[in-house]
Amino acid sequence: MNIILLGPPGAGKGTQAQILVDRRNMIQLSTGDMLREAKDSGTEMGRIVADVMARGDLVTDEIVIGLIREKLLGDKAGGFIFDGFPRTLAQADALAELLDENGETLDAVIEMQVDDETLVKRIVGRAADAAAAGQPVRADDNEESVRHRLMEYYKKTAPLIGYYHAKGQLKSLDGLGEIDAVAAAIAAALDG
Ligand code: AMP
C-alpha cells in the first residue's frame, strides 16, 4: 500500500509516518529529511537548498522529484509513505507518472487537519525545547519561517486537497488529538 500524508508543517506527519513504519513495515519517504541530509553532508544540492529551506520557501519541483524517483527504485517493503511530498500540483502529477512507471498505485491520501495557531505554537515550542536541551534546532523552526511555510502550504499545497478529492483518494481526519488517537484514525482510514 502506498500513501501520502498531507498536511501543513507541524501537523504531525513525521510522527505518524514513524508509527506506520513500525507497525506496517512501510518505508517513509520524507523529502524534508532527504534535503536536510543533503544540507548536512554538504553536497552541492545541499548548498543550493539551504537558504531556500531556512526561509521556508519550497525548493524546486525538479530537485524533489529527482529525490523521490531514486527512492522508488529501492526496497518497497510494506509500501511507501510520502511525507511532505508532493507539495505542488506538478509534483503530484510527477508522482502519478513515477508510480505508474514502476507498476505501483497510490492507495490513499490522508489529510491531517490542524489549526494554524496550534501549528505555530507546536513548532516554535519544539524548537525552544530542543534548544533548552542543547539539541540542534532546525533553521526554519522560528516563528517567521513557520508563518511563511504555512502560507506556502495554503498557496501551493492545499490545492492538492481538491485534486485528490476529485480523484476519490482523499481521506481527511482531525490531526489535533493525542498521537495514539490520530494513529487509530489513520489506521481506520487505511483499513476501512
Ligand atoms: P519538511 O521537513 O517537510 O517540513 O520540509 C522542510 C523544508 O524542505 C520545506 O520548508 C521546504 O523548504 C523543503 N521541502 C521539503 N519537501 C519539499 C517538497 N516536496 N517540495 C518543495 N520543497 C520541499
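User: What is the relative accessible area of the exposed residue D191?

Analyst: D191 is classed as exposed, where exposed means over 50% relative accessible area, buried under 20% and partly exposed in between (1.4 Å probe, protein chains only). This is a predicted model, in which local features need pLDDT of at least 70 and side-chain atom pairs count only at pLDDT 80 or more, while totals for chains, interfaces and linings use all residues. Residues are numbered from 1 along each chain as its sequence is written, and side-chain values use heavy atoms, with hydrogens and water left out. The relative accessible area of D191 is 54%.

User: Which side chain meets that of D191 in a salt bridge?

Analyst: A salt bridge is a side-chain nitrogen of Lys or Arg within 4 Å of a carboxyl oxygen of Asp or Glu, and helices (H or I, at least four residues) and strands (E, at least two) are DSSP runs numbered from the N terminus. D191 belongs to helix α9 (residues 179–191) and its partner to helix α1 (residues 13–24), so the pair ties together parts that are 167 residues apart in sequence. The partner is partly exposed, with a relative accessible area of 25%. With an N to O distance of 2.9 Å, the side chain that meets D191 is that of R24.

User: How many salt bridges does a search of the whole structure find?

Analyst: Side chains of opposite charge can pair when their charged atoms come close. One network of salt bridges links R126, R138, D140, D141 and R149. For the whole structure, the number of salt bridges found is 11.

User: What N to O distance is given for the salt bridge between E143 and R147?

Analyst: Both E143 and R147 lie in helix α7 (residues 143–157), 4 residues and about one helical turn apart. Each counts as partly exposed, E143 at 41% relative accessibility and R147 at 36%. The N to O distance of their salt bridge is 3.1 Å.

User: Which residue forms a salt bridge with K156?

Analyst: K156 is partly exposed at 36% relative accessibility, whereas its partner is buried, with a relative accessible area of 4%. The two are 4 residues apart in helix α7, which means a separation of about one helical turn. The closest N and O atoms are 3.0 Å apart, and the partner of K156 is E152.

User: In strand β1, which residues point the other way from I3 and L5?

Analyst: In a regular strand the side chains alternate between the two faces of the sheet. Strand β1 spans residues 3–6, and its residues I3, L5, I4 and L6 are all buried. I3 and L5 point one way, and those that point the other way are I4 and L6.

User: What is the order of the 5 strands in the open sheet?

Analyst: Two strands are taken to pair if DSSP finds at least two bridges between them. Strand β1 is joined in parallel to β3 (residues 80–83) by 3 bridges, with I3 opposite I81, and to β4 (residues 108–113) by 4 bridges, with A108 as the bridge partner of I3. β4 in turn pairs in the parallel sense with β5 over 5 bridges, where I110 stands opposite K171. The order of the open sheet is β2-β3-β1-β4-β5.

User: Which are the edge strands?

Analyst: The open sheet has 5 strands with parallel pairing. An edge strand here pairs on one side only, and the edge strands are β2 (27–30) and β5 (170–174).

User: How far from D83 is the nearest side chain of opposite charge?

Analyst: D83 is found in strand β3 and is buried yet without a salt bridge; Lys and Arg count as positive and Asp and Glu as negative, while His and the chain ends are not counted. Its side chain joins that of Q28 in a polar contact of 2.8 Å, that is, a pair of N or O atoms within 3.5 Å, where within protein one must be able to donate a hydrogen and the other to accept it, and residues adjacent in sequence count only if both atoms are side-chain atoms. The nearest side chain of opposite charge is K13, at 5.0 Å.

User: Which side chain does that of D115 join in a polar contact of 2.5 Å?

Analyst: D115 lies in the loop between β4 and α6 (116–132), and at 36% relative accessibility it counts as partly exposed. Its side chain reaches the backbone nitrogen of E117 at 3.2 Å. The polar contact of 2.5 Å joins the side chain of D115 to that of T118.
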